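Dear colleague,

Here is the structure I said I would pass on to you, and I would be glad if you kept it open while you read. My notes on it follow below.

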Amino acid sequence: MSTPIKVCTFNILTHHGRYPDRFFKRMPNIYTAIKEEKADFIGFQEVQPEAQDWLKSAFPEYGIIGCGRDADLRGESNPILYNKERFDLCWLDMVWLSPTPSIPGTRFEEQSMCPRICVAARFYDRVDRRLIAVYNTHLDHEGEKARQLGMRQILAKIEKDCELFDIPVIMTGDFNAEPDSVAITETLAFERHPLCDVTKDLAYTFHNFGQCKHKIDYIFADKGVKATDVRLWNNYDTEAAFISDHYPVSAVLEF
């Protein structure tokens, strides 16, 4: 077995003023969670440019990769935060989930107006002396067909990447899809690079500020991975603010 890797997926919640817990109110909770949990990788969703700038300045021990999803490479992003003390970034791909994946701002016809992206990266693990692939995404919130097409595109990329590099795979994200949805069931049935949902025992991840319970955030990894300490970061809410409308989800993985 490899040295354990702590992985998290975290929809940080875009900070437009219409939300009841604005970003500046939640920053102390987010800061405390990231500092205390000490994850090796965090796949974020709904990160606005100002929030990404804050993450870079607040956590100098981490690298952060991934640009905005719009045609000008600004706007909302879903970057990957990684532990610079253990991992070196070797390759980075920005993939727009669309018929033209290398053209910024593009999307499927069946999709909402929001472009969707996958940040795909390979890292060198200086402890175990090998490469590891990490994919982080945020699928469409309106179109079920768009979620299916986006997920198929990501799986095809994983398959192609692993033909070149036979290395462990981690995939994080807010998939906007329940466990019985086509996007998720097709992922688990993908035979050309079998993956498992290490978060399968979690009842929910999205709560909309305590108003509902839905499982739409996931951590996938190679079948056969040993996953321990799979849990929600649900102890960082305060009387002043929730940490987000989603709970961060983490797992400790050994390949």
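How many aromatic pairs does the count come to? Before I answer, please keep in mind that this is a predicted model. The count comes to 15 aromatic pairs. One of them is formed by Phe41 and Phe87, whose rings are 4.5 Å apart from centre to centre, with 45 degrees between the planes, so that the pair is classed as tilted, being neither under 30 degrees nor over 60. This pair links distant parts of the chain, since Phe41 belongs to strand E2 (residues 41-45) and Phe87 to strand E5 (residues 87-96), and the two are 46 residues apart. Phe41 counts as buried because its relative accessibility is 1%, and Phe87, at 1% relative accessibility, counts as buried as well.

A second example is the pair of Phe175 and Phe220, which is edge-to-face, with 5.5 Å between the centres and 85 degrees between the planes. Here too distant parts of the chain are linked: Phe175 is in the loop between strand E8 (169-174) and helix H4 (182-188), whereas Phe220 is in strand E10 (residues 217-222), 45 residues apart. Phe175 is buried at 0% relative accessibility, and Phe220 is buried with a relative accessible area of 0%. Apart from these pairs, you may like to look for Phe23, Tyr31, Trp54 and Phe59, which form one aromatic cluster.

Turning to the salt bridges, the count comes to 17. In one of them Glu61 meets Lys35, with the closest N and O atoms 3.0 Å apart. Glu61 is in the loop between helix H2 (49-58) and strand E3 (62-65), while Lys35 is in helix H1, 26 residues apart, and so the pair links distant parts of the chain. Glu61 counts as partly exposed at 27% relative accessibility, and Lys35 counts as partly exposed at 28%.

Lys157 has two salt bridges that I would ask you to view together. With Asp93 the N to O distance is 2.8 Å, and this pair links distant parts of the chain, Lys157 being in helix H3 (residues 144-164) and Asp93 in strand E5, 64 residues apart. Lys157 counts as buried at 18% relative accessibility, whereas Asp93 is partly exposed, with a relative accessible area of 29%. With Asp161 the closest N and O atoms are 3.3 Å apart, and because Lys157 and Asp161 are four residues apart in helix H3, about one helical turn separates them. Both Lys157 and Asp161 are buried. Elsewhere, Lys6, Glu37, Asp229 and Arg231 are joined into one network by salt bridges that share partners.

Which residues line the second largest pocket? The lining includes Lys35 and Glu61, which you have already met, together with Ile34, Lys38, Ala39, Asp40, Tyr62, Asn83 and Glu85. By class, five of the lining residues are charged, three are nonpolar and one is polar, and the space in this pocket is about 170 Å³.

Finally, there are two residues whose backbone deserves a careful look. Leu13, in the loop between strand E1 (5-11) and helix H1 (23-37), has a positive phi near 75 degrees although it is a residue other than glycine, and it counts as buried at 1% relative accessibility. Arg129, which is not a glycine either, has a positive phi of about 55 degrees; Arg129 is found in the loop between strand E6 (117-125) and strand E7 (130-138), and it is exposed, with a relative accessible area of 69%.

With best wishes

Terms used:
Residues numbered from 1 in each chain as written. Predicted model: local features only at pLDDT ≥ 70, side-chain atom pairs only at ≥ 80, totals over all residues. Heavy atoms only, no water. Phe/Tyr/Trp six-rings, centres within 6.5 Å; stacked < 30°, edge-to-face > 60°. Buried < 20%, exposed > 50% of the residue type's maximum accessible area, 1.4 Å probe, protein only. 1 Å grid on protein atoms, 1.4 Å probe; cavity = no way out; pocket = protein on both sides within 12 Å on 5 of 7 lines; lining within 4 Å. Points joined across faces, edges and corners; volume = space filled by probe spheres on them. Nonpolar A, V, L, I, M, F, W, Y, C, P; charged D, E, K, R; others polar. Salt bridge = Lys/Arg side-chain N within 4 Å of Asp/Glu carboxyl O.
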